[in-house]
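This report concerns one protein model and the contacts among its side chains. The sequence and the structure are shown first.

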Amino acid sequence: MVTREELFRETEEKIEDTTEVLRSFFHDLGEAVYKDQSVLPVPMGVSLLEEVKKAENEMNQAFASREDDKEFITQFDEIKERKTIVDDEMENLREEERNLRLRIGALIYEQCSLGLLDRDRFSSVYADSDEEKKLSEKAEGKSIISRLSSRSALSRLKRSDNSRYLDYSSLVDDEENAVSLSGGNAVTLVKNLEEIKEKRAILFQEKEDKDYYLSQNISRRRLLEKGGVEKNDERVEDSQVAYKEALINYGNYLYDRGGSWIGETTPSEILDILQKIIEIQNEYRELNERKQRLQKEAKADDYKALIEEEKEKIKILLGEREKIDMQIEDIEKEIKRLESLVDRLVK
């Protein structure tokens, strides 16, 4: 059997649910009329209507701001990731270019050693080649000291081959020097070098653009990381709540003044909403009446319980009074006994 307390809790829960349903229909009514003001014969609730428009604008701005920040974060992170890839690609190209220049430099040195290239254009290479030949000759000479010093100089010269070859390769940056190299292999190497330089130039420009973008927008990205995204979400949620409440208030106002605008031309969709509101309000009223009745019954039971408590107190007091009366009677008897003794003594 359901107790009154359980029935009361169930009624309160139903009242809460009904209140939300009623609010949702007020919202639907307010939204329907807001989006189609032609259903009203004259403008109504202008101030409430302005609140709805204001709340809607704020909500749209909040959504737009959040979407803008989301797009910004996506773009920033993509550019940052792409910049990392570009850095890696440039590093790989630098290594490729270095290896290619070493090969070109070695080829230039070899061709200069054979006297195949113009001495004026490749004078620095010829100078090193002539120096190496002289040292090689001295290293084979009769003087021990000369041989030792020449071999030592040759060893130092060999150890510097890579840096020398890189220096030689810079000569082909001049197109006229590049075309003067002999052999198909040289043409291929120079062509590959030009392709790498072009790729590096393109990547360098891309890196510069992305570095600039990242430097200009890093502060905004950090602010979003420190709670900006959450603030955007909160703003959207708050604006949605405000917009919903504004529509509910407008719908409630329209319902209360329905007699001044509801007529034959009122759309059936709105009439359906109004009918639902009437039904829910009746249900809400019945539930509140039941709640009040249960509250009165509970209060009456409380009073009845208090009455019983007071009656019990009276019973207790009456019992105590009976005891007191008996005690008084005993005392009065004792007084009479003592008075009798006194009378005997004085006679």
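The following sections treat salt bridges, aromatic pairs, surface patches and one pair of residues in space. The model is predicted.

**Salt bridges**

The structure holds 33 salt bridges. Among them are the pairs set out in the table below, each given with its distance between N and O atoms.

| Basic residue | Acidic residue | N to O distance |
|---|---|---|
| Lys 53 | Glu 50 | 3.9 Å |
| Arg 220 | Asp 69 | 2.7 Å |
| Lys 313 | Glu 310 | 3.2 Å |

The salt bridge between Arg 220 and Asp 69, with its closest N and O atoms 2.7 Å apart, links distant parts of the chain: Arg 220 belongs to helix α7 and Asp 69 to helix α2, and their positions lie 151 residues apart in sequence. Arg 220 is partly exposed, at a relative accessible area of 30%. Asp 69 has 12% relative accessibility and therefore counts as buried, the limit for that class being under 20%.

The pair of Lys 53 and Glu 50 lies within one element. Both residues are in helix α2, which covers residues 46-113, and they are three residues apart, about one turn of the helix. Lys 53 counts as partly exposed at 36% relative accessibility, and Glu 50 is likewise partly exposed, with 42%.

In helix α8, Lys 313 and Glu 310 are three residues apart, so about one helical turn separates them. Their side chains meet in a salt bridge of 3.2 Å, N to O. Lys 313 is partly exposed at 45% relative accessibility, and Glu 310 is partly exposed at 40%.

Salt bridges also join into a network, which links Glu 97, Arg 101, Asp 173, Glu 194, Lys 197 and Arg 200.

**Aromatic pairs**

How many aromatic pairs does a search of the whole structure find? The search finds six. One of them is formed by Tyr 165 and Tyr 168, whose rings are 6.1 Å apart centre to centre, with 50° between the planes. This pair is tilted, because the angle falls neither under 30 degrees, as for stacked rings, nor over 60, as for edge-to-face rings. Both tyrosines lie in helix α5, residues 161-169, three residues apart and about one turn of the helix from each other. Tyr 165 is buried, with a relative accessible area of 16%, and Tyr 168 is buried with 3%.

Elsewhere, Phe 72, Phe 76 and Tyr 213 form one aromatic cluster.

**Surface patches**

A patch of negative charge on the surface gathers Glu 230, Glu 234, Glu 237 and Asp 238. Asp 238 is found in helix α7, which covers residues 184-256. This aspartate has a relative accessible area of 54% and is therefore exposed, that class beginning over 50%.

A nonpolar patch on the surface is made up of Val 342, Leu 345 and Val 346, which together have about 340 Å² of accessible area. Leu 345 lies in helix α8, residues 268-346, and is exposed, with a relative accessible area of 73%.

**A pair of residues in space**

Is Ile 280 buried or exposed? Ile 280, placed in helix α8, counts as buried because its relative accessibility is 12%. Ile 280 and Lys 231 are 49 residues apart in sequence, and their C-alpha atoms are 37 Å apart in space.

Terms used. Residues are numbered from 1 along each chain as its sequence is written. This is a predicted model: local features need pLDDT of at least 70, side-chain atom pairs count only at pLDDT 80 or more; totals for chains, interfaces and linings use all residues. Side-chain values use heavy atoms; hydrogens and water are left out. Patches are made of residues with over 30% relative accessible area and no salt bridge: like charges are joined within 9 Å, nonpolar side chains (Val, Leu, Ile, Met, Phe, Trp, Tyr) within 5 Å. Accessible areas come from the Shrake-Rupley method with a 1.4 Å probe; for residues, only the protein chains shown count as cover. A salt bridge is a side-chain nitrogen of Lys or Arg within 4 Å of a carboxyl oxygen of Asp or Glu. Lys and Arg count as positive and Asp and Glu as negative; His and the chain ends are not counted. The place of a charge is taken as NZ of Lys, CZ of Arg, CG of Asp or CD of Glu. Helices (H or I, at least four residues) and strands (E, at least two) are DSSP runs, numbered from the N terminus. Buried means under 20% relative accessible area, exposed over 50%, partly exposed in between (1.4 Å probe, protein chains only). Rings of Phe, Tyr and Trp (its six-membered ring) pair if their centres lie within 6.5 Å; planes under 30 degrees apart count as stacked, over 60 as edge-to-face and the rest as tilted.
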